[in-house]
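Work through the exercises below with the sequence and the structure in view. Each task is followed by a solution in steps.

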Amino acid sequence: MPDAPKSQETAREHFLLFVAIPPPDVAAEMETVWHLAERRDRFRRSTLHMTILPVLRSPQFEPCLAKGLAHAVEGLDFPAFDLVLDLLTTFGPPRRRDRPLVLAGRQINPAPDALCQQLWQRLAGAGLAVARHRVTPHVTLAYGKPLPPAGIAVPPVRWRVNELVLIDSLQGLGRHVPLARWPLT
């Protein structure tokens, strides 16, 4: 478990969350389907992830919390799962100017939410108060003006999710610092 993330710049806040990060070949496929939307919004290659469980926003990095989270998750036994993402769409409230432009799936997949619930139970059992969360499987590719209301069907991106990562998202810097990793069996 690393100490506080090193940076020449200062993050507005640290956001600790459990995520799944697409491997480079899947990220490349995501970028290919993003170009089908013919948008100029900046593709977020360096921060692609699917949020499983958001934990805490804080103005300072809390090493003891990160260690406690990692300890609570040790021995996690959750199977790897497959995702099929085939729809570019818009998330977030309509009043927001730059909305998340995401790659989501048209078919329901309960595995990411089941992983979230198992994590939440482990953290609660360890005495770590984390808000309940539900997962709608998606990866934010960019931020910008909304896509068409029905979304844009794209060729399927297949992703075998086989790892869980605890990251520190450095808000305002567009960087993610991995703090710990766990394989999904």
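**Exercise 1: a residue with two partners**

In E7, Ile167 is the bridge partner of Leu17. The model is a predicted one, in which local features need pLDDT of at least 70, side-chain atom pairs count only at pLDDT 80 or more, and totals for chains, interfaces and linings use all residues. Residues are numbered from 1 along each chain as its sequence is written, and side-chain values use heavy atoms, with hydrogens and water left out.

Task: find which residue stands opposite Leu17 in E2.

Solution. Step one: strands are DSSP runs of E, at least two residues long, and helices are runs of H or I of at least four, both numbered from the N terminus. Step two: E1 covers residues 13-20 and pairs with E2 in the antiparallel sense over 7 bridges; two strands pair if DSSP finds at least two bridges between them. Step three: the residue in E2 opposite Leu17 is Pro54.

**Exercise 2: the order of the sheet**

Task: give the strand order and name the edge strands.

Solution. Step one: E1 is joined to E7 by 7 bridges, and the two run antiparallel. Step two: E7 pairs with E8 over 8 bridges, also in the antiparallel sense, and Val165 has Arg181 in E8 as its bridge partner. Step three: the result is an open sheet of 4 strands in the order E2-E1-E7-E8. The edge strands, each pairing on one side only, are E2 (50-58) and E8 (175-183).

One detail belongs to the hairpin of E7 and E8: 3 residues lie between the strands, and Gly172 takes a positive phi near 90°.

**Exercise 3: the cover of E7**

Task: state how many residues of E7 are buried.

Solution. Step one: buried means under 20% relative accessible area, exposed over 50%, and partly exposed in between, with a 1.4 Å probe and protein chains only. Step two: 8 of the 9 residues in E7 are buried, so by this definition the strand is mostly covered. Step three: helix H3 (residues 111-125) lies across E1, E2 and E7 (163-171).

**Exercise 4: the surroundings of Asp41**

Task: locate Asp41 and list what it touches.

Solution. Step one: Asp41 sits in the loop between helix H1 (24-35) and E2. Step two: leaving aside residues up to four places away in sequence, Asp41 touches Trp34, Leu101, Ala142, Tyr143, Gly144 and Lys145, where contact means heavy atoms within 4.5 Å.

Note on methods: Axes are lines fitted to C-alpha atoms, for helices over the stretch in contact, and angles run from 0 to 180 degrees between N-to-C directions.
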